[in-house]
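Work through the exercises below with the sequence and the 3D view open. Try each task before you read its solution.

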Amino acid sequence: MPPSSQAPSASASSPPASGAGCVAGRAQITVSPGDPVRRPVCVRPGTVVSLVLSPRTDGKRWTAVRSSAPALVLVTGRQVAADGTAHVSLRAAGTRGGSAEITVSAKEPDLAGTGGVGFTLAVTVTPYAREG
């Protein structure tokens with residue numbers, strides 16, 4: 001099954017210098033079972049990303065979301081539906097550029113502990129070019 005991202009993306013390791021292909025405004029990224037566990041995305045400052053993680057086939061539940069750089073990409077909301085689908089809201093900083101990793105953990109619902117990282121979104125925030 002091909003990845004089901006509904007927004008264009010660019011490589012996080014080599015974002016376009018001009019920012020061409022970066023998402024601006026709003027983006028929705030859907031992750032389904034069988035998709036890669038790491039996905040890069042390039043966004044413009046101020047972009048709001050809705051990350052939808054389908055239920056896992058291994059029985060583990062999505063449990064926690066963390067940003068490696070909350071000043072750059074902030075997790076503004078997280079909700080797990082009764083069917084196991086996780087809905088995560090992210091907001092990129094208004095003017096800054098840089099990179100952040102959003103990690104989503106998963107664990108068995110009846111076991112204590114932190115669980116392991118089940119998905120990583122590598123976000124590159126590319127500012128608009130300044131003229132003058």
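**Exercise 1. Decide why strand 4 counts as largely enclosed by the rest of the structure.**

Step 1. Fix the ground rules. This is a predicted model, in which local features need pLDDT of at least 70, side-chain atom pairs count only at pLDDT 80 or more, and totals for chains, interfaces and linings use all residues. Residues are numbered from 1 along each chain as its sequence is written, and side-chain values use heavy atoms, with hydrogens and water left out.

Step 2. Locate the strand. Strand 4 covers residues 48-53. Strands (E, at least two residues) and helices (H or I, at least four) are DSSP runs, numbered from the N terminus.

Step 3. Check burial. Buried means under 20% relative accessible area, exposed over 50%, and partly exposed in between (1.4 Å probe, protein chains only). Five of the six residues of strand 4 are buried, so the rest of the structure largely encloses this strand.

Step 4. Find its partners. Two strands pair if DSSP finds at least two bridges between them. Strand 2 (residues 26-31) runs parallel to strand 4, and six bridges join them. Here Ala27 sits opposite Val49 of strand 4. Strand 7 (residues 86-92) pairs with strand 4 in the antiparallel sense, over six bridges. In this pairing, Val52 has His87 of strand 7 as its bridge partner.

**Exercise 2. Describe Val31: is it buried or exposed?**

Step 1. Place it. Val31 belongs to strand 2.

Step 2. Read its accessibility. The relative accessible area of Val31 is 7%, so it is buried.

Step 3. Look across the chain. Val31 and Leu53 are 22 residues apart along the chain, yet their C-alpha atoms are separated by 4.8 Å.

**Exercise 3. Summarise the whole protein: how many helices and strands does it have?**

Step 1. Count elements. There are zero helices and nine strands. Along the sequence the pattern reads β-β-β-β-β-β-β-β-β.

Step 2. Take the burial total. Of the 132 residues in the protein, 39% are buried.

Step 3. Check contact range. A contact means heavy atoms within 4.5 Å. Among contacts between residues at least 6 apart in sequence, 60% join residues at least 24 apart.

Step 4. Take the surface. The accessible surface is about 7,000 Å², and 53% of it belongs to carbon and sulfur atoms. Areas come from the Shrake-Rupley method with a 1.4 Å probe; for residues, only the protein chains shown count as cover.

**Exercise 4. Trace the pairing of strand 8: which strands pair with it?**

Step 1. Take strand 5 (residues 61-67). Strand 5 pairs with strand 8 (residues 98-107) in the antiparallel sense over six bridges. Val65 stands opposite Val104 in strand 8.

Step 2. Take strand 9 (residues 116-125). Strand 9 and strand 8 are also antiparallel, with nine bridges. Ala100 has Val123 of strand 9 as its bridge partner.

**Exercise 5. Locate the empty space: which residues line the largest cavity?**

Step 1. Set the terms. On a 1 Å grid over the protein atoms alone, a cavity is a set of points where a 1.4 Å probe fits but cannot get out; a pocket is an open set with protein on both sides within 12 Å along at least five of seven lines; lining residues have an atom within 4 Å of a point. Points are joined across faces, edges and corners, and a volume is the space filled by probe spheres set on the points.

Step 2. Count. There is one cavity of 30 Å³ or more. The largest cavity has a volume of about 50 Å³.

Step 3. List the lining. It consists of Val41, Val43, Thr47, Val49, Val73, Leu90, Arg91, Ala92 and Val123. Strand 3 (38-43) and strand 7 are the elements that give two or more residues. Strand 7 has the largest share, three residues.

Step 4. Sort by type. The cavity lining has seven nonpolar residues, one polar and one charged. Nonpolar covers Ala, Val, Leu, Ile, Met, Phe, Trp, Tyr, Cys and Pro; charged covers Asp, Glu, Lys and Arg; the others, Gly among them, are polar.

Step 5. Follow one lining residue. Val123 is in strand 9 and counts as buried at 4% relative accessibility. Beyond its neighbours within four places in sequence, its contacts include Val41, Val43 and Val73.

Step 6. Turn to the largest pocket. Its volume is about 170 Å³. Of its 15 lining residues, Ser32, Pro33, Gly34, Arg56 and Trp62 lie nearest the centre.
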